[in-house]
Amino acid sequence: MDLRSRSSQIVICGNSYLEVENCRRIMEYNDIYLKVKTFSGMVIEIWGSGLMLSDYNTEGIAVRGKISSVELHGSE
């Protein structure tokens with residue numbers, strides 16, 4: 001098994017765009033909060049306002065809106 005294929009990469013462009021590769025599932029989502037779990041077990045919490053998923057597929061997610069903070073947590 002290639003571990004890189006299950007690794008996640010986070011791309012942040014300013015405070016209005018964020019992309020996460022290799023998401024396993026969306027755990028919680030509304031316009032101010034997004035919580036996703038990656039294949040590696042990491043949990044990513046995104047806080048902001050006007051958050052919208054602009055792309056969601058097997059490769060990952062793209063989030064647009066005003067992003068105020070991003071928190072990374074180990075396996076939950």
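Student: If contact means heavy atoms within 4.5 Å of each other, which residues does Glu45 touch, not counting residues up to four places away in sequence?

Tutor: Glu45 touches Tyr33, Leu34, Lys35, Ser69, Val70, Glu71 and His73. Please keep in mind that this is a predicted model, in which local features need pLDDT of at least 70 and side-chain atom pairs count only at pLDDT 80 or more, while totals for chains, interfaces and linings use all residues. Residues are numbered from 1 along each chain as its sequence is written, and side-chain values use heavy atoms, with hydrogens and water left out.

Student: Where is Glu45, and is it buried or exposed?

Tutor: Glu45 is found in strand S5, a strand being a DSSP run of E with at least two residues, numbered from the N terminus. Glu45 is buried, meaning under 20% relative accessible area, whereas exposed is over 50% and partly exposed lies in between (1.4 Å probe, protein chains only).

Student: What about a salt bridge for Glu45?

Tutor: Glu45 has none, and the nearest side chain of opposite charge, Lys35, is 4.5 Å away. A salt bridge needs a side-chain nitrogen of Lys or Arg within 4 Å of a carboxyl oxygen of Asp or Glu; Lys and Arg count as positive, Asp and Glu as negative, and His and the chain ends are not counted.

Student: Which side chains make a polar contact with the side chain of Glu45?

Tutor: The side chain of Tyr33 does so at 2.3 Å, and that of His73 at 2.7 Å. Such a contact is a pair of N or O atoms within 3.5 Å, where, within protein, one must be able to donate a hydrogen and the other to accept it, and residues adjacent in sequence count only if both atoms are side-chain atoms.

Student: Changing topic, how many aromatic pairs are there?

Tutor: The structure holds one. Tyr33 and Trp47 form a tilted pair, 4.3 Å centre to centre with 45 degrees between the planes. Rings of Phe, Tyr and Trp (its six-membered ring) pair if their centres lie within 6.5 Å, and planes under 30 degrees apart are stacked, over 60 edge-to-face and the rest tilted. The pair links distant parts of the chain, with Tyr33 in strand S4 and Trp47 in strand S5, 14 residues apart.

Student: Why does Tyr33 count as buried, and Trp47 as partly exposed?

Tutor: Tyr33 counts as buried because its relative accessibility is 7%, and Trp47 counts as partly exposed because its value is 34%.

Note on methods: Helices (H or I, at least four residues) and strands (E, at least two) are DSSP runs, numbered from the N terminus. Contact means heavy atoms within 4.5 Å.
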